[in-house]
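Student: Got a minute to go through a structure with me? I'd like to look at the packing and the ligand site.
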Amino acid sequence: MSLPTTPVNSPNSLPERDHQVVWHPFTQMQTAPLPIPIVRGEGSVLYAADGTTYLDMVSSWWVNLHGHAHPHIAQRLAEQAITLEHVIFAGFTHQPAVELAERLLTILPDNQAKVFYSDNGSTAVEVALKMAFQYWYNQGKPRRKVIALTDAYHGDTFGAMAVGGRNAFSAPFAPFLFDVDYLPTPVTGQEEATLELARTLFTDDVAAFIVEPLVQGSGGMIMYEPAVLAELFRLAKEQGILLIADEVMTGFGRTGRLFASDYLTEKADLMCLSKGLTGGTMALGVTTCTQAIYDAFLSDDRMKTLFHGHSFTANPLACSVALASMDLLLLEETQQAIQRIEANHRQFAETLKGHTHVGTIRQQGTVLAFDLNVGEQTSYFNHIRDYAYQFMLDRGILMRPLGNVLYLMPPYCTTDSQLEYVHEQIMALLASL
Ligand SMILES: *Cc1c(COP(=O)(O)O)cnc(C)c1O
């Protein structure tokens with residue numbers, strides 16, 4: 001089937017039709033420019049309807065690992081689609097769901113014992129929170145408090161919003177969010193202050209402590225060291241507090257190891273996965289937990305059941321592409337590509353160092369971030385963000401600064417020469433300020 005093509009500027013163009021009927025995420029629809037119609041993707045390149053190409057340096061909202069429309073993933077998807085597209089996951093099961101759970105547990109930290117499926121990162125967090133609260137409830141010793149880090153982001157549903165850092169995005173909903181106590185993110189120089197507050201906040205009425213390990217993504221690619229997080233985990237464990245590692249963004253190689261948790265000497269009790277889980281092909285969420293948490297729900301009393309589920313839980317198509325993505329991720333050549341990008345970033349960071357308009361530079365694995373210093377305060381609403389976004393877009397590069405924070409999070413198939421082009425344009429951006 002081929003659709004007639006329409007010039008982009010005509011009222012019947014796809015962007016105009018989009019504007020008539022679609023409401024986009026995180027978008028002020030009154031002032032947003034028309035969206036760019038993308039017709040095709042291959043490797044790290046997105047192809048627009050008018051032939052323009054974009055190098056995808058944000059891995060399409062941090063989900064893509066191996067490049068767009070990867071043939072191995074596409075083939076697994078096609079095979080699964082003509083075999084079994086979906087089946088209710090209560091009372092029934094299927095090969096892709098079981099195999100994915102088995103294979104996930106072999107690559108996750110040893111203490112993870114069970115896999116619970118949902119639809120996305122936010123639901124993976126909701127499930128972890130519900131498991132944590134009900135773990136205490138089921139034992140007849142309910143704990144109400146949750147501790148999180150300031151500047152955290154855990155998703156946009158209510159529970160996930162509640163444990164995220166409170167900001168302009170969550171302001172309209174503030175009265176409806178449950179109470180959470182916050183620890184300052186233990187960035188370099190802040191470690192002792194965070195540990196000190198943790199010693200007073202970590203008490204035996206705290207149900208859970210949730211973190212994005214090592215990298216706080218949406219908060220502005222804020223990074224902190226494994227040692228201090230391990231110490232926070234150790235302190236929390238002394239009070240029996242359940243630890244939730246939200247690895248929705250950091251999972252599947254982004255930090256240089258398969259999981260950020262792999263850098264930690266203390267392991268979380270619950271882990272949240274999504275985004276890269278399917279290589280960015282389909283929506284799928286996973287919450288994993290220890291045997292002890294799972295066991296707290298086993299009972300002759302039906303009321304101790306985890307009453308949670310989504311219509312598309314463990315969707316066979318999504319599980320199949322997750323398996324295909326894991327095949328690719330574990331290839332020696334992919335692991336080498338991750339190391340190559342990490343080394344490439346490290347070198348570019350050296351180039352950036354000392355530049356007048358470059359503030360703090362930080363890197364964790366394949367994620368490189370730095371502040372654009374233009375004498376204004378850090379804010380998502382800062383106009384430097386729009387300027388930098390457009391500057392790079394005009395040069396065929398998709399970056400999406402978080403306020404004045406510029407970052408690179410490329411798919412692992414991104415070549416050194418593609419990165420070199422991106423670096424040249426970033427230097428041009430800096431020169432233009
Ligand atoms: C993106 C993200 C989420 C939310 O995932 P969605 O699939 O967008 O709901 C949760 N936690 C972290 C750390 C994330 O980066």
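Tutor: Let's take the nonpolar cores, then the ligand. Keep in mind that this is a predicted model.

Student: Okay, how many residues are in the largest nonpolar core?
Tutor: It has 67. Leu100, Leu104, Tyr117, Leu183, Phe202, Phe209 and Met221 have the most contacts inside it.

Student: Why does that core lie between the two domains?
Tutor: Because domain 1 (14-69 + 333-432) and domain 2 (72-330) both give residues to it.

Student: Which residues does Leu104 touch, leaving out those up to four places away in sequence?
Tutor: Phe252, Leu273, Leu277, Val286 and Met326. There is also a second, separate core, with 27 residues. Ala132, Tyr135, Ala160 and Val248 are among them.

Student: Switching to the ligand. Which residues surround it?
Tutor: Trp62, Asn120, Gly121, Ser122, Tyr153, His154, Gly155, Glu212, Asp246, Val248, Met249 and Lys275. So Val248 turns up again: it belongs to the second core and to the ligand's surroundings.

Student: How does that shell divide into nonpolar, polar and charged?
Tutor: Four nonpolar, five polar and three charged.

Student: What lies 2.6 Å from an oxygen atom of the ligand?
Tutor: A polar side-chain atom of Lys275. A ligand oxygen is also 2.8 Å from a polar backbone atom of Gly121.

Student: And which side chain has an N or O atom 2.7 Å from a ligand nitrogen?
Tutor: That of Asp246.

Student: How much of the ligand's accessible area does the protein cover?
Tutor: 83% of the 380 Å² that the ligand has on its own.

Notes. Residues numbered from 1 in each chain as written. Predicted model: local features only at pLDDT ≥ 70, side-chain atom pairs only at ≥ 80, totals over all residues. Heavy atoms only, no water. Core = buried A, V, L, I, M, F, W, Y, C linked by side-chain atoms within 4.5 Å. Buried < 20%, exposed > 50% of the residue type's maximum accessible area, 1.4 Å probe, protein only. Domains from an automatic or database assignment. Contact = heavy atoms within 4.5 Å. Near = heavy atom within 4 Å. Polar contact = N/O pair within 3.5 Å; in protein donor to acceptor, adjacent residues only side chain to side chain. Areas by Shrake-Rupley, 256 points an atom, 1.4 Å probe, with all protein chains shown as cover. Nonpolar A, V, L, I, M, F, W, Y, C, P; charged D, E, K, R; others polar.
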